[in-house]
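Colleague: Hey, I've just been handed this one and haven't looked at it before. Can you walk me through it?

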Amino acid sequence: MKSYVKILYLIIIFFISPFSYVYPQSQEQSVESFKTFQGLPTKIATSVFKDSRGFMWFGAENGLYRWDGYDYKIFHYDPKDSTSISGNMISRILFEDDEGNIWIGTTASGLNIYNPNTETFTHYQRSQDYVFDFNFNQIRWGLQDKDGDIWLATQYTSGIINFDKTTGAFITYRPNMDTIDSNANRITIISDDGTGNLLVGTYQGLYFFKKETKTFSNFGSIVKTTEELNNISVSSILEDQEGIFWIGSSAGLLKYNTKENKVDHFKNDENDPVSSHSDFIVEIIDNPTDNGKSLWIVTTTGIKKFDKSTEIITCFNDDPDDPKSKSFKAMYDLLLEDNGMLWVATGFGAIRYNLNTNPFTAYQLGPFGHEPYLYEATAFQEDGQGSFWVGTGYSGLLKYDQQMNLVKRYDCDFNNPESLSYYFVFSLYEDSRGILWVGTAASLDVLDQKNDRFLHCSLPADIDYSYFRINDIHEDDSGVLWIASRGGIYYQEKKELLDISFQQVPYFADKMVDIRCVAEDTLGNIWFASNGSGLYLLSPEDRKTMSIKNFRHNPDDLLSICDDVIWSIYIDKNEHLWLGTSNGLNRIDPKNNQYYHYNKENGLEANFIYFIEEDNNGNLWLSTERGIMRFNPLSDTEGRSKLLELADGIPFENNYQFRIYKGNDGKIYVGGQRFSGNGFYCFHPDSLKDNDHIPPIVLTEFLVNNKTIKSDSSITNMKYMELSHNQNFFSIKFAALDFVNPTKNNYAYKLEGFDEDWVFCDTRRMANYTNVPPGDYIFRVKGSNNDGLWNEQGATLKITIFPPPWRTWWAYSLYALFLIGLLYAWRRYDLKRQRLKQQLEVEHVQTEKLEELDRMKSRFFANISHEFRTPLTLILGPL
C-alpha cells in the first residue's frame with residue numbers, strides 16, 4: 001500500500017498543474033497534462049480497467065462501476081441475489097479472458113467472474129478452514145496466459161495460484177515451500193514470456209515458473225546477472241512490442257532480452273545522465289503515443305520518460321513548492337490508453353491525464369505593477385526584424401525577441417508626451433516602410449524605434465475621445481494607409497517620409513460609424529466592416545471621388561449579408577471574401593457576387609464570429625463567442641468545424657474576442673479574455689491531432705413507457721427484442737464509447753420500417769418512439785467521436801411488436817372458422833328453406849291439381865246430371 005501512495009504522490013507532482021504558464025517566456029515541455037474526468041459517484045477508486053467492448057470500469061470500496069462516458073451502471077452485493085457480486089470492496093479488476101468475461105478480485109469475498117451477456121457474477125472462494133483462504137487475502141493480480149490458463153496472486157504469502165475454470169479448483173505454487181511467510185512467496189506481479197514460462201515478481205527477486213514441471217527457478221540462476229539482482233523486490237514487468245521484457249525493481253530498471261538471454265541494468269548514478277534518478281521503480285508503462293518507442297516509468301522520487309533507442313531518460317522531479325503536488329494521498333491503479341490518456345484510481349476518485357505532448361504554449365504576462373487581472377494580450381504583430389510585439393489590455397506594449405524573451409515593455413505615462421498615449425492597445429501594424437503603428441483605445445501612435453519614442457498622430461479635432469478607438473490598421477497595395485475606428489475611416493496617401501497626419505473619408509464624416517476592420521481584395525476593392533451598419537465598399541473606380549457603397553442585411557434576400565454587425569473581413573488564398581458577423585460566417589466571391597452563409601444549421605459550432613485567420617492548409621481559424629474554432633470550408637456539414645476546449649489542451653477557454661493572429665512561422669496566437677489576466681497562448685495548426693478513434697456504439701438501456709425493461713440478457717449484447725401490443729411506446733438509450741470528450745459525441749438513428757430516413761440528434765443519446773404499429777423493425781444507431789469521426793456500422797437491434805390477441809393469426813383463424821360456420825349454417829338454412837319452398841310449391845301444385853280435379857268432377861257430374869235430366873223431362877212431360 002505504501003508503494004502505491006508513493007506512486008500517486010509522484011503522479012500528482014507531475015500532472016496536477018494544468019499548464020506551465022511562463023513569465024517572461026515560454027518553456028516547451030515534453031509532456032503536458034490536465035484533469036478532465038470527474039463525476040465518479042465514489043470517493044475512493046481502487047482499480048481502473050477498460051474492456052474489449054470499450055466500457056470503462058472502476059473498482060471502489062463500495063462496489064463496481066461501469067461507465068459509458070455519461071452514465072454509471074453500479075454493481076452491488078445483494079444477499080438476496082446469488083448472481084450479484086460477492087462483495088462491495090473491490091481490490092482489483094484483474095483481466096478480461098478470451099471469452100469476454102471480466103475477472104474481479106475483492107478484499108474479503110473471493111474471486112468474481114462477470115458475464116457481460118447476462119450481467120451476472122459467478123463466485124469462487126477458498127474454504128473457510130484453509131489458512132490462506134480468499135476471505136482473508138486480497139486478490140491483487142491475475143492474468144490469462146497465452147495457453148489460456150488462469151493465474152492469480154494475492155496481497156499476502158500464498159504464492160501463485162492456478163485456477164481451473166472447469167472444476168473451480170485452486171492450486172497453489174510457491175517459490176519457497178519451506179517457509180510459507182517468506183518474502184519470496186509474496187507475489188507482486190505475473191507475466192507470461194510465451195515460451196511456457198511465467199515471470200513471477202516477488203518481494204525477494206524474480207523467478208521463472210516452468211508450467212510443464214511446475215517448478216520455480218531464480219532469475220539469476222538462468223540469466224547471467226550480478227549478485228545484487230538476485231534478491232531485489234520486483235514491482236513491474238512489461239513486455240513491449242519487440243518481445244523485450246522491462247522489469248521495474250528496487251534496484252532500478254532491467255532490460256531482459258529473451259532471445260539473447262541478456263540483461264541490461266540501469267541504476268541510479270548521479271554522474272550518469274542515462275541512469276535512473278531513482279533505484280526503486282514501481283510501475284512501467286509502454287508509451288502508445290509513439291508506437292512503443294519509449295517507456296513511462298514511475299519511481300519513488302519522480303516520473304521519467306525512457307527512450308528505448310537512445311536510452312536517454314527525461315526526468316520530472318518533485319516540486320516541494322507546489323501545494324497541488326500533495327493534493328491526494330492514495331493511488332491504487334493505473335491505466336494508459338492507446339491515445340495517451342492516463343487513468344489513475346486514487347483515494348479521491350478517478351482522475352484522467354493526457355500524456356501527449358501539448359501543442360499549446362501559454363505565456364503569462366506581468367506582473368507589471370497593475371492588478372493581475374489586467375495582464376492579457378489584445379493584439380499581435382511580427383515585424384521585419386524578427387521582433388514580436390504584443391499589445392495588452394491596460395499594460396501597454398510588449399516587445400519580444402525571436403526566442404520569445406521579453407525585451408522591453410512600453411507603458412503609458414500621461415506626463416511624458418513621448419510615451420505610449422494610452423495603455424490599452426487594440427491594434428498593431430507594420431507598414432511597407434517598417435514603421436510600427438499602434439492603435440489604442442484613444443489614439444493612433446507611431447513608434448520611432450531609432451529614438452525609442454512614440455509620435456502621436458494628428459486626427460480631426462472634433463473626435464469624441466471618450467468614444468474613440470483604433471480597431472484596425474491596413475496598408476493597401478498602392479501604399480495608402482487606412483485606419484478603422486469608432487469615428488469612421490481615416491486614410492493617408494503613400495509618402496516616403498513619415499507623416500502623422502490623416503484625412504477622414506468624407507462619407508463617414510457626419511455618420512460616426514464604428515468601423516471594425518479594413519481589407520483589400522485582389523481586384524483592388526477596399527472593404528470596410530462596421531458594427532451595425534453593414535458592409536462598405538470603395539471600388540478602384542471610386543477612389544478619386546471616395547464614393548462608398550453600402551451593403552445591408554435584407555431578411556427577404558437570401559443573397560444579402562447575414563447580419564449588419566460585422567466584426568472582421570478576411571481574404572483567403574482562393575480570393576474569397578469572408579465576413580465574421582453576429583449571425584454566422586459569410587463567404588463572398590467578388591468576381592460573381594455569390595454569397596454563402598454558414599451558421600449552426602450547416603456546420604458551425606458558434607454564431608458570433610469575431611476574427612478570422614487562415615492556416616497553411618486552407619482551414620480558417622475563427623475567434624467566436626465560444627472560443628477558438630477551426631473551420632474547414634471544403635468539408636461536409638458534419639465535422640466542418642471544431643471548437644478548441646480545455647480537453648484539447650488549451651490553457652483557457654475565454655479568449656480575447658477581437659483578434660487572433662498568424663505569425664510568419666504559421667503559428668496562431670490567441671489573447672486572453674479582458675480582465676482575465678490569462679496572457680496569451682500560441683500553437684501551430686499542424687501540431688493538432690484529431691481524434692482518430694472510431695468509437696464502438698452500444699445500446700445502454702431499453703425503456704417501455706419510461707420504465708427500464710429487465711431481461712435475462714444485457715441490452716448491450718441483445719440482438720432481438722420482443723414487445724407486446726401495449727409496449728409500442730418505447731425509448732432506446734445509446735452511447736459512443738469514446739472518452740476524449742463525450743459531451744461532443746454525435747448520434748443518428750432510425751427505425752427501419754418506421755422512419756423514412758436517419759434522425760440526426762446531435763449529442764442527444766436517446767431515441768423515442770410512440771404508437772408504433774405491430775410489425776418487424778430494425779433499430780439502427782451510429783455515432784461519432786468528438787472530432788466528427790463516425791462509426792457508420794453502429795449498433796442494431798431487431799424489434800418485433802406483436803399484435804393484440806384479437807389481431808393474431810390464431811384470432812384471425814377463429815374469425816375465419818366462425819365465418820365459415822356462419823356461412824355453413826346459413827347455407828344449410830338456405831337449402832332447407834329452398835327445399836321447404838319447393839315442397840310448398842309442390843303441395844301448392846298438388847292442391848291446385850286436386851282442386852282442378854274436383855272442379856272437373858263437379859263439371860262432369862253437372863254435365864251428366866244435365867244429360868240425364870233433359871230426356872227425363874221430355875219423357876215425363878205432357879204429351
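Modeller: Sure, let's start at one residue: Arg 409 has a relative accessible area of 22%, so Arg 409 counts as partly exposed. Keep in mind that this is a predicted model.

Colleague: What does the side chain of Arg 409 meet in a salt bridge?

Modeller: Asp 411, at 2.9 Å from N to O. Asp 411 is partly exposed too, because its relative accessibility is 27%.

Colleague: And which residues are joined into one network by salt bridges that share partners?

Modeller: That network is made of Arg 630, Lys 642, Asp 648, Asp 690 and Asp 787.

Colleague: How many salt bridges does the structure hold?

Modeller: There are 33. One of them pairs the side chains of Glu 337 and Lys 50, at 2.5 Å from N to O. Glu 337 sits in the loop between strand 25 and strand 26, while Lys 50 belongs to strand 1, so this pair links parts that are 287 residues apart in sequence.

Colleague: Is Glu 337 buried or exposed?

Modeller: Buried, because its relative accessibility is 8% and the cut-off for buried is under 20%. Lys 50, at 27%, is partly exposed.

Colleague: Switching topic: what secondary structure does the protein have?

Modeller: Three helices and 64 strands. Of its 879 residues, 53% are buried.

Colleague: Which residues have the most contacts inside the largest nonpolar core?

Modeller: Phe 702, Phe 730, Phe 779 and Ile 799, in a core of 55 residues. Phe 702 touches quite a list beyond its neighbours within four places in sequence, including Met 721, Leu 723, Phe 730, Leu 797 and Ile 799.

Colleague: Why would those group together?

Modeller: As a general tendency, nonpolar side chains in soluble globular proteins are buried together.

Colleague: Which residues form a nonpolar patch on the surface, then?

Modeller: Among them are Trp 806, Trp 809, Trp 810 and Tyr 812, and the whole patch has about 1000 Å² of accessible area. Trp 809 is in helix 3, which covers residues 809-876. Trp 809 counts as exposed because its relative accessibility is 67%.

Colleague: Last thing: what's the mean pLDDT?

Modeller: It's 84, and 87% of the residues reach 70 or more. Residues 318-329, though, are below 50, and that stretch has 29 contacts in the model beyond near neighbours in sequence. Residues 1-36 stay under 50 as well, with 126 contacts beyond four places in sequence.

Colleague: How should I treat stretches like that?

Modeller: Where pLDDT is low, don't read the predicted coordinates in detail.

Key:
Residues are numbered from 1 along each chain as its sequence is written. This is a predicted model: local features need pLDDT of at least 70, side-chain atom pairs count only at pLDDT 80 or more; totals for chains, interfaces and linings use all residues. Side-chain values use heavy atoms; hydrogens and water are left out. A nonpolar core is a set of buried Ala, Val, Leu, Ile, Met, Phe, Trp, Tyr and Cys residues joined through side-chain atoms within 4.5 Å. Buried means under 20% relative accessible area, exposed over 50%, partly exposed in between (1.4 Å probe, protein chains only). Contact means heavy atoms within 4.5 Å. Patches are made of residues with over 30% relative accessible area and no salt bridge: like charges are joined within 9 Å, nonpolar side chains (Val, Leu, Ile, Met, Phe, Trp, Tyr) within 5 Å. Accessible areas come from the Shrake-Rupley method with a 1.4 Å probe; for residues, only the protein chains shown count as cover. A salt bridge is a side-chain nitrogen of Lys or Arg within 4 Å of a carboxyl oxygen of Asp or Glu. Helices (H or I, at least four residues) and strands (E, at least two) are DSSP runs, numbered from the N terminus. pLDDT is the predictor's confidence in each residue, from 0 to 100.
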